[in-house]
Every structure is written in structure tokens, then in C-alpha cells.
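This briefing covers two parts of one protein model, a strand arrangement and a pocket. Please have the sequence and the structure at hand while reading.

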Amino acid sequence: MVEALDLFLKIGLDKRTAENTIANNKVTSNLVAVINEAAVTDGCERSTGNLLYTVATKFPANALVHRPKLLEYIVSSKIKAPAQVEAAFAFLTVTGSEDLDISKFEEACGVGVEVSVEDMERTVNEIFEERKSAILEQRYRTNVGDIFAQVRKKQPWADPKIVKQLIDSKLYALLGEKTAADNEKPVKKKKEKPVKVEDKSTTEEAPQSIPSEEELNPYLIFPAPEENYKVHTEVFFSDRPVLRACNSKAILEKHLKITGGKVLTRFPPEPNGYLHIGHAKAMFVDFGLAKERGGGCYLRYDDTNPEAEKKEYIDHIEEIVGWMGWKPFKITYTSDYFQELHDLAVELIRRGHAYVDHQTPDEIKEYREKKMNSPWRDRPISESLKLFDDMKRGMIEEGKATLRMKQDMQSDNFNMYDLIAYRIKFTPHPHAGDKWCIYPSYDYAHCIVDSLENITHSLCTLEFETRRASYYWLLDALSLYQPYVWEYSRLNITNTVMSKRKLNRLVTENYVDGWDDPRLMTLSGLRRRGVTSTAINTFVRGIGITRSDGSMIRLERLEYHVREELNKTASRAMVVLNPLKVVITNLEANSVIDLDAKKWPDAPGDDPSSYYKVPFSSVVYIEQSDFRIKDSKDYYGLAPGKTVLLRYAFPIKCTEVVLSEDKKTVVEVHAEYDPFKKTKPKGVLHWVAEPSPGIDPLKVEVRLFEKLFLSENPGELDNWLDDLNPESKVVMTCAYAVPTLRDAAVDDKFQFERLGYFVADKDSTPEKLIFNRTVTLRDSYGKAWK
């Protein structure tokens with residue numbers, strides 16, 4: 001190590017960088033090899049040494065045969081700038097191990113190209129002229145990085161230090177000295193920070209603000225399929241060179257020929273439960289990217305576990321994907337590829353990258369924790385091939401053998417500790433039948449099926465990030481096409497749980513009324529509650545596709561988007577939940593007046609379809625909470641001697657109160673109505689009247705839903721079931737509704753005036769209509785910016 005440290009100092013690395021490098025065995029071995037290949041063991045200029053360090057850490061693994069040639073160009077100063085080295089990496093990544101075309105290589109790297117100061121100055125002047133008005137407006141808040149990038153685009157081989165000096169000089173010449181205003185810190189727009197729980201004051205941007213390019217198109221961050229020759233993942237090993245995951249030119253060309261260059265993604269749910277709102281984000285990412293790029297998205301059932309899958313779940317997933325507005329390019333199953341997966345497992349053994357193991361699950365866990373190799377890790381390839389065949393033919397008992405990938409037991413990544421590829425299960429498969437008694441693991445099958453289906457973008461949530469190394473290791477070991485892998489933050493929402501295990505327990509132990517209980521964040525539960533797929537997708541889009549992990553989005557944010565949607569689409573109606581009888585004493589008992597009520601707030605007067613009829617008779621019902629014996633200044637309901645307006649009808653004045661025998665409970669109220677509407681009271685009440693004398697109004701059941709859990713993050717609690725909200729479901733069995741609701745069909749949505757948004761439930765019968773409350777009218781989330 002001392003010798004290596006001396007070498008690193010001789011090539012100009014500062015002491016801190018050199019010591020940090022020594023701490024990394026992989027980089028150390030690479031850099032020592034590069035210094036020896038470059039024949040500079042006696043030292044070199046610092047600028048050259050920095051480029052050698054870049055080569056040691058970033059050189060494409062598929063083109064190692066050409067590394068000496070690049071080092072020759074660096075040592076001779078034919079390549080002397082970081083931009084030239086990066087260009088060389090890009091060129092060599094595509095070339096791979098094929099013969100190097102020197103003339104094309106030199107052209108791609110700008111060898112021999114000298115950019116004069118005059119050329120740089122002219123380019124800087126051109127760009128300043130193009131952006132002059134914006135620079136004058138933004139002054140010293142101008143993004144100099146953007147200007148620098150534009151210069152680099154026009155003059156890729158220009159000296160970056162000189163370019164920076166020219167930009168600074170030009171900026172000073174145009175703007176002069178900084179003013180006090182220039183030194184003031186700009187007022188930043190509030191952004192949702194990746195905190196554990198979204199702050200209650202966090203708000204959505206005002207509708208009038210100008211959205212960013214990423215907000216207009218959140219898929220801009222993803223590269224095109226033809227760019228998938230670039231390295232974006234490095235896999236470090238304890239005993240071999242760094243694997244720089246990328247596709248060779250030949251493999252990428254074959255892939256593009258098959259796909260026609262189209263984007264292909266996949267949404268791969270495991271059919272062992274119902275989809276929840278987190279899956280809505282995954283669909284938005286997977287289906288949305290494919291749709292935006294004119295490609296296709298597979299709906300692929302990840303059915304590698306025959307004991308967990310059910311047809312009920314498969315049918316539900318396909319149906320809910322359609323409800324969410326997405327159309328699969330193809331519907332496939334991992335089990336469709338069981339034969340190919342088996343054949344590739346045999347090939348993996350042949351290549352020395354897999355072995356049959358006899359350790360028990362507990363032994364595997366213990367050895368992984370201690371970073372110890374299995375006793376069977378180095379058994380002969382022929383022996384593993386025979387044993388794997390015995391596994392396939394059912395000649396080995398369940399639990400007595402597994403096929404494990406020979407990865408790196410000394411890795412810093414526990415997902416490289418010889419993961420299991422196949423296990424024995426004498427269980428028929430719901431889709432593949434009884435042909436197989438060995439089944440592939442997720443870690444083995446997922447990446448291979450991605451490759452077989454020519455997926456361009458393999459997108460998943462951040463908890464899978466540590467599996468990326470295993471993903472690329474396996475595809476590289478089998479010389480298969482490698483999709484572009486990218487992880488995004490999972491969606492977590494307050495006051496609920498979304499783990500399948502916890503959801504399953506809530507359902508199977510009857511804490512809720514099935515997978516579609518409106519209190520759950522399952523997509524079927526949200527639909528039954530009256531939430532639209534449009535509102536869900538708008539909510540997900542507003543969150544964005546980011547890698548900010550650990551954030552928990554407030555439930556109120558989803559409710560905001562639900563209200564925004566239903567305010568435009570749900571027709572209005574009147575329902576009284578807790579009826580209090582009001583007798584209109586100055587209206588004849590047999591008299592019924594038909595009045596017009598608006599279905600929409602802005603209903604035009606000349607459009608009869610925008611109105612519905614409500615009867616007004618001598619007996620009407622108001623909410624019990626809209627009457628008090630004692631009035632107060634801040635109370636706008638009815639009270640003795642007080643007047644209120646019945647919406648769409650007349651003002652009424654309380655003239656008498658009838659109490660029960662306990663002299664406390666109000667039984668009914670007597671009132672007089674003002675047929676000429678001379679009075680203009682402040683309070684406006686919703687109401688329902690008897691449609692004809694002596695006939696009760698339409699009786700309906702209304703279910704009021706609240707948050708399922710009292711705590712914002714119940715999943716963190718040891719006794720999470722104790723946190724269930726006892727008031728999460730309240731059933732009003734004797735509510736009264738206007739007659740027009742008699743024709744409501746299942747899934748019809750309404751705004752019950754002054755109460756909230758409601759939907760007709762599937763439990764409804766012709767004799768008894770049932771409505772679920774979707775969301776209340778209050779909007780604490782959206783009010784913050786109004």
C-alpha cells in the first residue's frame with residue numbers, strides 16, 4: 001500500500017485523494033495497472049495524472065483491450081482535456097472489443113483540434129448576444145452554467161478555464177459592478193421537501209404559476225433507447241475489475257432492430273393481492289413513459305411463486321389497469337418464460353457462475369451475515385449440472401437444494417451474496433400447470449425477462465436500488481441485452497398502511513370490509529369511495545418522478561385533487577343526514593310547490609337539463625345541527641325568532657319549538673315562510689320536504705368515512721392495529737334525500753350541498769339506496785395558496 005501511495009503522489013494526486021484511493025482496493029488496483037500501462041511509474045504532470053485517475057475509475061469494461069491506446073494518447077498530450085477523455089469513453093463503449101478505427105477515434109476525441117482564444121471569445125460573444133435580454137433582466141442571477149454548456153456544445157475542445165474567464169469578463173462588461181439588489185438572496189418558491197411527513201403548511205403551487213418543463217413532461221429525465229450504450233452503473237467486486245454495465249454495439253443494434261427503436265416498459269405486479277395507490281404511481285411511470293414516447297408497456301404478472309398467486313388477483317389487476325386509463329402493449333407472465341429461464345440457468349452453471357447448494361435457509365442466512373462461502377460453492381460444474389437436472393426431475397426433496405448465483409460474498413452490497421436463482425416447490429402453478437417443480441426467484445427471473453422482452457427502461461422504486469448490481473451482474477454473466485434501470489421514490493401517504501402483509505391482515509381478520517373497503521388506499525377501495533382515476537393520476541403527476549426517498553405525502557393532498565375533479569363533474573343534490581322536522585304553519589297542509597334547484601353552480605337559466613325539481617311542502621326537514629335553542633352572533637342556523645333561507649326556496653322564521661317530555665330534546669320546529677322573499681337572511685340551509693302530504697321523503701343510507709388510522713405513520717408502530725380509528729366509518733341509516741336521487745345508479749357521483757361529495761355504492765338496492773362519502777367540502781390543503 002505504501003508503494004501504491006508513492007505512485008499516486010508521483011502522478012500529481014494530492015495527498016488526501018491518494019489516501020482515499022488507497023482505502024478502495026478496487027480503484028487502487030485499477031489505478032496501479034493504468035500507471036504501469038502508461039509507463040509513468042517515475043511520475044508525470046499533474047494534469048496528466050488527473051486524466052489517468054479518470055481512466056482508472058471510468059474506463060468502459062467492455063473495451064479494456066483499447067485502454068493502452070488511450071493512455072498512449074494521454075501521455076503524449078494528444079488527448080489533454082477531460083472532455084476529450086469523456087468523448088473517448090463514449091466512442092470506446094460503442095466500439096467494445098472490436099478493431100479500433102484510429103481516424104474515427106481521433107475525430108471523435110478532437111485530437112489535433114486547437115481552439116484559439118479568438119475562437120472562444122467569438123463563441124462567447126455570440127451566445128451573449130442571443131441571450132442579452134434575459135441576462136440584462138436576470139443580471140448576476142443568470143445561470144452561468146447554462147452559458148458554459150452552450151459554449152461547450154459549440155466548441156467542445158475549448159479550454160474550460162479560459163472559457164470561464166471569458167464568460168466572467170463578458171458578464172462584467174455588460175452589467176458592471178454588482179449592486180445591492182444583485183447581492184440580495186432571491187426569494188425561492190416553496191418546494192415539497194423530502195421530509196418524513198409532508199408539513200401541513202406545504203401547499204401546491206398556485207394554478208397561475210408557470211410550470212417547469214419537467215412538470216409539463218416528467219418523462220424528460222429518461223434517455224432514448226439508442227443511447228443505451230452508455231455506462232450508468234458500476235458494479236464493484238472484491239476480487240475482480242469493476243463491471244461498467246453497458247451494451248455492446250452489436251447487442252444494442254440487435255435490440256433496436258427488434259424494437260424499431262421504440263420505448264418498451266413493463267408494469268410487473270405480483271398477483272398475490274389487490275393493487276394500491278402506490279401501484280398507481282408505478283403505472284403512471286411505466287405506462288406514462290411508453291405512451292409519451294409512442295411505445296408500449298407490458299402488463300407482466302410476476303408469478304414466480306405458485307403458492308401465492310390467485311386468479312382473483314390476476315383478474316383484478318387487469319381490470320384496475322384499464323380503469324386507471326392504461327392499455328397494455330401485451331399481457332405476459334414470467335411463467336411464459338420458464339423454459340428459457342431454465343435453459344439460461346444451465347448456461348450460467350456452464351459458465352461457472354452458478355452452483356447447486358445444500359445449505360438450509362438458516363445456514364444461508366448465517367453464512368451471508370458472516371460473508372462466508374458455502375461449502376458447495378466451488379463444486380465441479382459437471383456436478384452442479386447433474387444436480388440441477390435432478391432438481392428439475394423431482395429427484396431431490398423440497399428444501400434440500402437450491403441453485404445459487406456465484407456472485408461476490410465479500411461485496412459491500414448484501415444483494416451480491418450469492419442470491420438464490422432456483423428453489424424446489426412441489427406445487428402446481430396456476431398458469432404453467434404441473435410441468436415444473438423448480439421455480440425461479442425474483443432476483444433471477446426479473447432481469448432476464450426484462451431482457452427477453454427487450455424492455456428499454458426497467459423502472460422500479462428505490463428499495464430495489466441495491467438489487468441493481470445483481471441485475472446487471474446476471475445479464476453480463478449471460479451476455480444478454482441490458483435495459484436501462486432507474487429507481488424512483490415510492491409513494492407513502494399519511495394515516496394508512498400499504499404493505500401487502502398489513503393490508504392482507506386488515507382484510508382477512510375483518511378489520512375492514514374487504515379489499516374494496518372505501519377506507520383503504522387500494523385502488524378498488526378508492527374507486528368504491530368515489531375517487532376517480534383522473535384525480536389519482538393528477539395527484540401522482542403533481543408529486544413527480546423523483547428519487548427523494550422517505551417522504552410521506554399528506555392525505556389532504558390527494559383529497560385536494562379529488563375535490564378539484566368532482567367540483568367540475570358531480571351534479572348537486574340535497575340530502576339531510578340527521579333530519580329535524582320543520583312544520584310550515586302558513587302553508588296549506590295539502591299544498592306542494594315544485595321548485596327548480598341547480599345541478600351546477602353556474603347553470604344557465606335557459607337550460608332545463610341543468611336543473612332538477614324539488615318539492616316544497618308544509619313539512620320540511622333540516623339538519624339537527626342547523627337549529628339551536630340559543631342563538632349567537634356567529635351562528636347562521638335557525639333559532640327561535642330567527643330567519644334563514646332554505647336554498648332554492650323561501651326564507652322561514654322560527655315561531656315555536658316543540659320539546660319532548662324531558663324538556664330538552666327538540667322534537668319539531670314550527671315556522672312561517674316568506675312567499676315574497678322580502679327578508680334577506682345571512683344563513684342558507686339545505687333541506688328536504690315531504691313530496692306529498694303525509695309521505696316521508698326518500699330514505700337513504702349514508703356512510704361517512706374518515707381516516708382509517710389516527711397516527712400519520714401507523715406502519716411505524718409496534719401495535720399498529722391499536723391505532724385504528726374507531727370513527728373511521730359512521731353509518732347514517734335514516735337520511736332523507738330529494739326525489740331525483742331515486743334514479744341514482746351505482747358509481748353516480750354527487751355533491752350533497754353543504755355536506756361533501758358522495759357516490760352511490762354497489763350495496764344499493766331498489767328498496768334502499770346507499771351513498772358513500774368521498775370527501776368533505778372543506779379544503780385546508782388548497783386554501784393555503786388562495
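Two strands are said to pair if DSSP finds at least two bridges between them. The model is predicted, and the points below should be read with that in mind.

**The open sheet**

- Strand 7, made of residues 402–405, and strand 8, made of residues 420–424, run antiparallel and are joined by three bridges.
- Within this pairing, T402 of the one strand stands opposite R423 in strand 8.
- Helix 19, which spans residues 381–392, packs on the sheet and touches strand 6, strand 7, strand 8 and strand 9, and its direction makes about 60 degrees with that of strand 6.
- The sheet itself is open and is formed by four strands in the order 6-7-8-9, with antiparallel pairing.
- Strand 6 (354–357) and strand 9 (438–440) are the edge strands of this sheet, since each of them pairs on one side only.
- On average, neighbouring strands of this sheet are turned by 20 degrees against each other, direction ignored.

**The second largest pocket**

- The second largest pocket holds about 810 Å³ of space, and its lining consists of 30 residues, among which P268, H279, E463, F464 and K500 lie nearest the centre.
- By residue class, the lining of this pocket divides into 11 nonpolar, 10 polar and nine charged residues.
- At least two lining residues are supplied by each of strand 3 (264–267), helix 15 (277–292), helix 20 (442–452) and strand 10 (457–461).
- Helix 15 contributes the largest share of the lining, namely four residues.

Note on methods:
Residues are numbered from 1 along each chain as its sequence is written. This is a predicted model: local features need pLDDT of at least 70, side-chain atom pairs count only at pLDDT 80 or more; totals for chains, interfaces and linings use all residues. Side-chain values use heavy atoms; hydrogens and water are left out. On a 1 Å grid over the protein atoms alone, a cavity is a set of points where a 1.4 Å probe fits but cannot get out, and a pocket is an open set with protein on both sides within 12 Å along at least five of seven lines; lining residues have an atom within 4 Å of a point. Grid points are joined across faces, edges and corners, and a volume is the space filled by probe spheres set on the points. Ala, Val, Leu, Ile, Met, Phe, Trp, Tyr, Cys and Pro count as nonpolar, Asp, Glu, Lys and Arg as charged, and the others, Gly among them, as polar. Axes are lines fitted to C-alpha atoms, for helices over the stretch in contact, and angles run from 0 to 180 degrees between N-to-C directions. Contact means heavy atoms within 4.5 Å.
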